[in-house]
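New to this one? Take a look at the structure below, and then we'll walk through it piece by piece.

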Amino acid sequence: MTRLTKRGAALLAAGAVLGGAVSYAVVAPSAEAIPAAQETCKFDIKSISASDGWQPLGLSVTVNNGSVSRKVVTQLSADMGVDSQAEIRVGYKVDDGPIREKYYGPGNLANHTDFWQTRNAMAVMSLKSGKHTITPYWRISGSATSKGWLENGCFIAEGRTS
């Protein structure tokens, strides 16, 4: 190849790469992200007893699926402790629906240990089109006087955004 031909080939290759990048930027699908409205954290301590039943964690998020049904992955994380012979259960309420335990993911969030631990729960929710508010709830499973504690919790909902 001559020097001029090599230069032409290099320019053609560079143009193809640049053209592909521009085309991708124009027609690429929406980005995956966690908008501020889809995450929340509370930096306080809460406690409940078994006799309190289901209680909201105060960590609601709102997602907007636009005009299509989509799956949303949620993550709940907090430092937790629970009395001996008891456990902390988790359930989720979507909009004005019922609290559902073990419907979107696991129901057991924490068992008794000698020390508090960071606990995590993931749930996968198939949600219809439109805007939805997701609220995690907790309850104590054990004797009526069993207690549980939550400190510094965060809740996120991840889905395709537009």
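How many helices and strands does the chain have? In this predicted model, there is one helix, and there are 11 strands. Starting at the N terminus, the helix comes before the strands, in the order α-β-β-β-β-β-β-β-β-β-β-β.

Now for the chain as a whole. It has 162 residues, and 30% of them are buried. If you take the contacts between residues at least 6 apart in sequence, 78% of them join residues at least 24 apart. The chain exposes about 9,500 Å², with carbon and sulfur atoms supplying 55% of that area.

**Charged pairs**

Side chains of opposite charge can pair when their charged atoms come close. A search of the whole structure turns up three salt bridges, listed here.

| Salt bridge | N to O distance |
|---|---|
| Glu87 and Arg89 | 3.0 Å |
| Arg89 and Glu101 | 2.5 Å |
| Arg139 and Glu101 | 3.1 Å |

The Arg139 and Glu101 bridge links distant parts of the chain: Arg139 belongs to strand β10 and Glu101 to strand β7, 38 residues apart. Shared partners join Glu87, Arg89, Glu101 and Arg139 into one network. How covered up are its members? Arg89 counts as buried because its relative accessibility is 11%. Glu101 is partly exposed at 24%, and Arg139 is partly exposed at 23%.

**Rings**

How many aromatic pairs does a search of the whole structure find? It finds four. One of them is Tyr92 with Tyr104: the ring centres are 6.5 Å apart and the planes sit at 75°, so this pair is edge-to-face. Tyr92 is in strand β6 (residues 87-94), while Tyr104 is in the loop between β7 (100-101) and β8 (108-111), so to speak a link between distant parts of the chain, 12 residues apart. Are these two tyrosines, Tyr92 and Tyr104, buried or exposed? Both are buried.

Trp116 and Trp149 make a stacked pair, with 6.5 Å from centre to centre and 25° between the planes. Trp116 is in the loop between β8 and β9 (117-127), and Trp149 is in strand β11 (residues 147-160), 33 residues away in sequence. Trp116 is partly exposed at 39% relative accessibility, and Trp149 is partly exposed at 24%.

There's also a cluster: ring pairs link Tyr92, Tyr103, Tyr104 and Phe155. Tyr103 has a charged companion as well, with the charged end of Arg100 sitting over its ring, 4.0 Å from the ring centre.

**Two residues to look up**

Try Asn65, in the loop between β4 (61-64) and β5 (70-82). With 4% relative accessibility, Asn65 counts as buried. A polar atom of the Asn65 side chain lies 3.1 Å from the backbone oxygen of Lys128. Beyond its neighbours within four places in sequence, Asn65 is in contact with residues including Arg70, Val72, Leu127 and His132.

Then find Lys131, which is in strand β10 (residues 131-141). Why does Lys131 count as exposed? Because its relative accessibility is 60%, and the cut-off for exposed is over 50%. Leaving out residues up to four places away in sequence, Lys131 touches Thr62, Val63, Asn64 and Asp95. Lys131 and Ser67 are 64 residues apart in sequence, with their C-alpha atoms 9.5 Å apart in space.

Notes. Residues are numbered from 1 along each chain as its sequence is written. This is a predicted model: local features need pLDDT of at least 70, side-chain atom pairs count only at pLDDT 80 or more; totals for chains, interfaces and linings use all residues. Side-chain values use heavy atoms; hydrogens and water are left out. Helices (H or I, at least four residues) and strands (E, at least two) are DSSP runs, numbered from the N terminus. Buried means under 20% relative accessible area, exposed over 50%, partly exposed in between (1.4 Å probe, protein chains only). Contact means heavy atoms within 4.5 Å. Rings of Phe, Tyr and Trp (its six-membered ring) pair if their centres lie within 6.5 Å; planes under 30 degrees apart count as stacked, over 60 as edge-to-face and the rest as tilted. A charge sits over a ring if NZ of Lys or CZ of Arg is within 6 Å of the ring centre and within 35 degrees of the ring normal. A polar contact is a pair of N or O atoms within 3.5 Å; within protein, one must be able to donate a hydrogen and the other to accept it, and residues adjacent in sequence count only if both atoms are side-chain atoms. Accessible areas come from the Shrake-Rupley method with a 1.4 Å probe; for residues, only the protein chains shown count as cover. A salt bridge is a side-chain nitrogen of Lys or Arg within 4 Å of a carboxyl oxygen of Asp or Glu.
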